[in-house]
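Hi,

Here is the structure I promised to pass on. Have a look at it first, and then read on for what turned up.

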Number of protein chains: 2
Amino acid sequence: MYLEDYTVGRVFTLDPVSATQDEIIEFARQFDPQPFHVDPDLPNNPFGGVIASGWHTCALTMRSLVAGYFSPESSLGSPGIDEIRWAAPVRPGDQLSVTAEILENRRSVSKPDRGIIRGRVTVTNQDGVVVLTLVALNLIRARP
Amino acid sequence: MYLEDYTVGRVFTLDPVSATQDEIIEFARQFDPQPFHVDPDLPNNPFGGVIASGWHTCALTMRSLVAGYFSPESSLGSPGIDEIRWAAPVRPGDQLSVTAEILENRRSVSKPDRGIIRGRVTVTNQDGVVVLTLVALNLIRARP
């Protein structure tokens, strides 16, 4: 896929992702060791059990984007994210479906061999609850 | 620390973070296996060598925030991030300094025992180049 393939309005249905309690705790021990991410026996846990670090949910989602949204021949990295909303907790074993919709596709004027796409990524759990939305910016090579 | 301690304009100088090439590749293999994150021998690598996944940089920064910006007695999680900018590549061994500045502190009207803080987080490498900025929203308990 190249820049021309990310047409505005196109929706990508991507691989689902999931994490076990052990994976959630291991990620959080390394990067986000707050009690409600690492301690299954936390008294008065405001979330009623271990929940995934929001960064873990983003990283899992990225795995799905790399598998089905980006192509190695055209993906040139990302300048950033316009907004992340961790809308609901992610719990061990949740089955998360991932979609991405193209909001904008803008070819570079100064470097017309590439452009920027904006895509809204939505992650939904097995109960239909949206747990994560983000708007990603990505630099994509145009078709040679 | 409680909500009252995050006064607007206060700047937190946090622990520096870093990642080796092996750590960068391991994180990327798991979550963001794009060639420029996982292959040190990639021909024509647009970045001139392996660079960290932006999500890895965010996760490393989070470790620093958990150590010096949040307190376990008051941190109630995050509704999201208003903006991430991966302003420059992060390379193996880069020494990244992390600061956070409080932009806003708003006590909840409906639940006055807590509030939302907005903080601008800035990550700078050993050459003084800003590699990451983000504006984080966090729910913080007020002093009992």
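Here is something to try before you read further: which residue does A:Gly119 stand opposite in strand 5 of chain A? It is A:Ala136. Bear in mind throughout that this is a predicted model.

That pair belongs to a longer run of pairing. Strands 4 and 5 of chain A are antiparallel and share 11 bridges. They form a hairpin with 5 residues between them, and A:Gly128 in the turn has a positive phi of about 80 degrees. Strand 4 of chain A also pairs with strand 3 of chain A, again in the antiparallel sense, over 10 bridges. There, A:Glu104 stands opposite A:Arg118, and the hairpin made by strands 3 and 4 of chain A has 6 residues between them.

Now zoom out to the whole sheet. It is open and has 10 strands, with antiparallel pairing, in the order 1(A)-3(A)-4(A)-5(A)-2(A)-2(B)-5(B)-4(B)-3(B)-1(B). Strand 1 (11-17) of chain A and strand 1 (11-17) of chain B stand at the edges with a single partner strand each, so one side of each has no neighbour in the sheet. On average, neighbouring strands are turned by 20 degrees against each other, direction ignored.

On the chain B part of the sheet, strand 4 (residues 114-124) and strand 5 (residues 130-141) of chain B run antiparallel and are joined by 11 bridges. One of the pairings there is B:Ile116 with B:Leu139. Helix 3 of chain B packs on the sheet, where it touches strands 1, 2, 3 (96-107), 4 and 5 of chain B, and its direction makes about 120 degrees with that of strand 1 of chain B.

That helix deserves a closer look. Helix 3 of chain B has 15 residues and reaches 21 Å from its first C-alpha to its last, close to the 21 Å expected at 1.5 Å a residue. Because 12 of its 15 residues are buried, helix 3 of chain B is largely enclosed by the rest of the structure. Among the buried ones are B:Trp55, B:His56, B:Cys58, B:Leu60 and B:Met62.

So where do the two chains meet? In total, 27 residues of chain B are in contact with 27 residues of chain A. On the chain B side, helix 3 (54-68) and strand 2 (80-86) are the elements that give two or more residues, and helix 3 of chain B has the largest share, with 8 residues. By type, the chain B side divides into 17 nonpolar, 5 polar and 5 charged residues.

Strand 2 (residues 80-86) of chain A and strand 2 of chain B run antiparallel, joined by 4 bridges. In this pairing A:Ile84 stands opposite B:Ile81.

One last residue to click on is A:Ile81, in strand 2 of chain A. Is A:Ile81 buried or exposed? A:Ile81 counts as buried, because it has 23 C-beta neighbours inside 10 Å. Leaving aside its neighbours within four places in sequence, A:Ile81 is in contact with A:Leu134, A:Val135, A:Ala136, A:Leu137 and, from the other chain, B:Ile84. You will recognise A:Ala136 as the residue opposite A:Gly119. As for A:Arg91, 10 residues from A:Ile81 along the chain, the C-alpha atoms of the two are separated by 24 Å.

Happy browsing!

Conventions:
Residues numbered from 1 in each chain as written. Chains lettered and ligands numbered in written order. Predicted model: local features only at pLDDT ≥ 70, side-chain atom pairs only at ≥ 80, totals over all residues. Contact = placed C-beta atoms within 7 Å. Nonpolar A, V, L, I, M, F, W, Y, C, P; charged D, E, K, R; others polar. Pairing = 2+ DSSP bridges. Axes fitted to C-alpha atoms, helices over the stretch in contact; angles between N-to-C directions. Expected span 1.5 Å × (residues − 1). Buried ≥ 20, exposed ≤ 12 C-beta atoms within 10 Å, placed from the backbone.
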